[in-house]
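The exercises below are meant to be worked through with the sequence and the model in view. Try each task yourself before you read its solution.

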Amino acid sequence: MKKQLLTAGFVLLSFMLPVKASAANFTQIYAFGDSLVDNGNVLAAATAADVPFPPYYYQGRFSNGPVWTEYLAQDMGVQLNNLAFGGATTGTNNTISPAFPGLTQEIQGFVATNPSVDNQALYIISAGANDYLNVTDFSQAINNAVSNLANAIISLSAVGAKNFLIANLPNLGGIPANNQTSIVNDLNFLTGIHNSALSQTVNGLSQLQPNLNIKVFDVNSLVSQIIASPGKFGFTNVTDACLNIVAQTICSNPNEYLFWDDLHPTSYAHSIVARSAQATIPEPSTTLSLLGIAALSATGVIKRKRKTFNPENLVLAGQSSHTKVEN
């Protein structure tokens, strides 16, 4: 019997031992994406009670405190401009509400109102996992997601953005919503295809447009490190959620938990992500360049791995992951 899967909103977890503080002298940060980057935009725009509220979620974050882009901006001493919405796919859909934007709409709206942008700013893009809800053709879904991410870079580049940090996906089988199911391996394989396609596409963009500084934030290998060796990162639990939404209970030691709820990390985990990001972000570039390229397709990567991927084992449920806990 096919198992249901909850993956909406969980796109980015990135954990590693902090290597160094970034020496990059960015003027500010712009963040686009989903619930792991959203610092309250869904809450501010909401007209219905389907968004995270206190006391279980912190001021509209999908966690118990600030998210990693907030910690990163604070650590770097720069302003954070956050345009992310929880539930965003890489396209125009949003898994929480059709009234909220997807990544493509976030980018389009920003570009429309900013025909010339700060080329010394860092542009962070974090989206992808929500694209795999309610799909039957996973090859096409991966191709679309990676192409949308490439188009996001291209659109921002066209108005002057130069410096990009693009998050890949952690193993979707490793989150509490999925790690006790029978499809863990299939989910992790799906994640691997997405990440491989994203890496090759970003490399292609970098080769075609060498004046752009594009770095992939390697979520997958980093989250694997922390799950394999939680003690090195200060965690005692990397499999369960600190918040039990059904029982409306919270663990006594959230800073020792990797996950706040079934999909999202604790704020302490977000702080580790921020320090890891400092070791990954590119040095700022201000060189002007001409951008006349189209989105690169990930079809070749997908076809090569398609033979061993069994989509029949995956059923992605339409239930939103952003369940409100009644106060």
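**Exercise 1.** Decide whether R61 is buried or exposed, and then find which residue's side chain meets that of R61 in a salt bridge.

Solution. R61 has a relative accessible area of 10%, and it is therefore buried, a word that stands for under 20% relative accessible area, whereas exposed means over 50% and partly exposed lies in between (1.4 Å probe, protein chains only). The next step is to look at the partner, since the side chain of R61 meets that of E70 in a salt bridge, with 2.5 Å from N to O. Such a bridge needs a side-chain nitrogen of Lys or Arg within 4 Å of a carboxyl oxygen of Asp or Glu. E70 has a relative accessibility of 18%, so E70 too counts as buried. A search of the whole structure finds one salt bridge.

This is a predicted model, in which local features need pLDDT of at least 70 and side-chain atom pairs count only at pLDDT 80 or more, while totals for chains, interfaces and linings use all residues. Residues are numbered from 1 along each chain as its sequence is written, and side-chain values use heavy atoms, with hydrogens and water left out.

**Exercise 2.** List the buried residues of helix α2, and say what covers them.

Solution. Helix α2 spans residues 68-76, and its buried residues are W68, T69, E70, L72, A73 and M76; helices (H or I, at least four residues) and strands (E, at least two) are DSSP runs, numbered from the N terminus. The cover over these buried residues includes the strands β2 (28-33), β3 (79-82), β4 (122-126), β5 (163-167) and β6 (213-217), together with helix α7 (267-278). Just after α2 comes G77, which takes a positive phi of about 75°.

**Exercise 3.** Describe how α4 and α5 pack, and which residue classes make their contact.

Solution. Two packed helices are described by the angle between their axes and the distance between the axes. For α4 (residues 138-158) and α5 (residues 184-208) the angle is about 35° and the axes are 10 Å apart, where axes are lines fitted to C-alpha atoms over the stretch in contact, and angles run from 0 to 180 degrees between N-to-C directions. The contact (heavy atoms within 4.5 Å) involves residues of α4 including F138, I142 and L149, and residues of α5 including L190, H194 and T201. By class, there are 13 nonpolar residues, two polar and no charged ones, with Ala, Val, Leu, Ile, Met, Phe, Trp, Tyr, Cys and Pro counted as nonpolar, Asp, Glu, Lys and Arg as charged, and the others, Gly among them, as polar.

**Exercise 4.** Compare the settings of Q59 and Q248, and give the phi of each.

Solution. Q59 lies in the loop between α1 (41-45) and α2, and its phi is near 45°, a positive value in a residue other than glycine. Q248 sits in the loop between β8 (243-244) and β9 (249-250), with a positive phi near 55°. The relative accessible area of Q59 is 44%, so Q59 is partly exposed, and Q248, at 35%, is partly exposed as well.

**Exercise 5.** Find where pLDDT stays under 50.

Solution. The average pLDDT, which is the predictor's confidence in each residue from 0 to 100, is 83, and 78% of the residues score at least 70. Under 50 lie residues 1-23, which have 101 contacts beyond four places in sequence in the model, and the pLDDT is also below 50 over residues 286-298. Where pLDDT is low, the predicted coordinates should not be read in detail.
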